[in-house]
Amino acid sequence: MQHVVDEALHLYSQHGSDDLDALAERLGIAVYDVLDAEHLTEIYFPDLRAIVLRPGLPAFQRRYLLAHALGHHVLHRAAARAFLHVHLLAQGASEGDPQ
């Protein structure tokens with residue numbers, strides 16, 4: 001886990017900002033808030049250099065999901081063909097809680 005923290009600190013020191021949308025742009029990753037799927041909140045397409053998020057997410061959840069997808073890009077994009085981050089929304093569960 002320390003290597004993840006080290007890489008995040010390295011990116012921050014290189015780019016001088018914690019603005020994840022700006023970081024994605026600098027890394028050549030397009031971010032789209034257009035995902036229209038009830039049970040998906042994030043899809044990362046390494047070959048397309050794209051992250052697709054569900055629109056209307058609370059700011060903290062969008063930031064978490066964007067950081068998560070960028071982490072996959074930075075740490076092991078070569079190993080990934082497509083990454084799906086799935087949150088199943090059960091009746092009565094809060095939207096951010098994975099099931």
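**Exercise 1. Place leucine 75 in the fold and describe its surroundings.**

Leucine 75 belongs to helix α3, residues 59-76. (Helices are DSSP runs of H or I with at least four residues, strands are runs of E with at least two, and both are numbered from the N terminus.) The model is a predicted one, where local features need pLDDT of at least 70 and side-chain atom pairs count only at pLDDT 80 or more, while totals for chains, interfaces and linings use all residues. Residues are numbered from 1 along each chain as its sequence is written, and side-chain values use heavy atoms, leaving out hydrogens and water.

Next, look at exposure. Leucine 75 has a relative accessible area of 34%, so it is partly exposed. (Buried means under 20%, exposed over 50%, partly exposed in between, with a 1.4 Å probe and protein chains only.)

Finally, find its partners. Met1, Val4 and Leu75 make a nonpolar surface patch of about 290 Å². (Patch residues have over 30% relative accessible area and no salt bridge; like charges are joined within 9 Å, and nonpolar side chains, namely Val, Leu, Ile, Met, Phe, Trp and Tyr, within 5 Å. Areas come from the Shrake-Rupley method with a 1.4 Å probe, and for residues only the protein chains shown count as cover.)

**Exercise 2. Work out which residues arginine 62 joins into one network.**

Start with the pairs. Aspartate 21 forms a salt bridge with arginine 62, their closest N and O atoms being 2.9 Å apart. (A salt bridge is a side-chain nitrogen of Lys or Arg within 4 Å of a carboxyl oxygen of Asp or Glu.) Aspartate 21 lies in helix α2 and arginine 62 in helix α3, so this pair ties together parts 41 residues apart in sequence.

Now take the other partner. Aspartate 33 also meets arginine 62 in a salt bridge, at 2.9 Å from N to O. Aspartate 33 sits in the loop between β1 (30-32) and β2, 29 residues from arginine 62.

Put together, the shared partners join Asp21, Asp33 and Arg62 into one network. As for cover, arginine 62 counts as buried at 18% relative accessibility, whereas aspartate 33 is partly exposed at 30%.

**Exercise 3. Describe how strand β2 is covered and paired.**

Check the cover: 5 of the 6 residues in β2 (residues 40-45) are buried. Then the pairing: β2 runs antiparallel to strand β3 (residues 50-53) over 4 bridges. (Strands pair if DSSP finds at least two bridges between them.) Within this pair, glutamate 42 stands opposite leucine 53 of β3. Last, the turn: 4 residues lie between the strands of the hairpin, and arginine 49 takes a positive phi near 55°.
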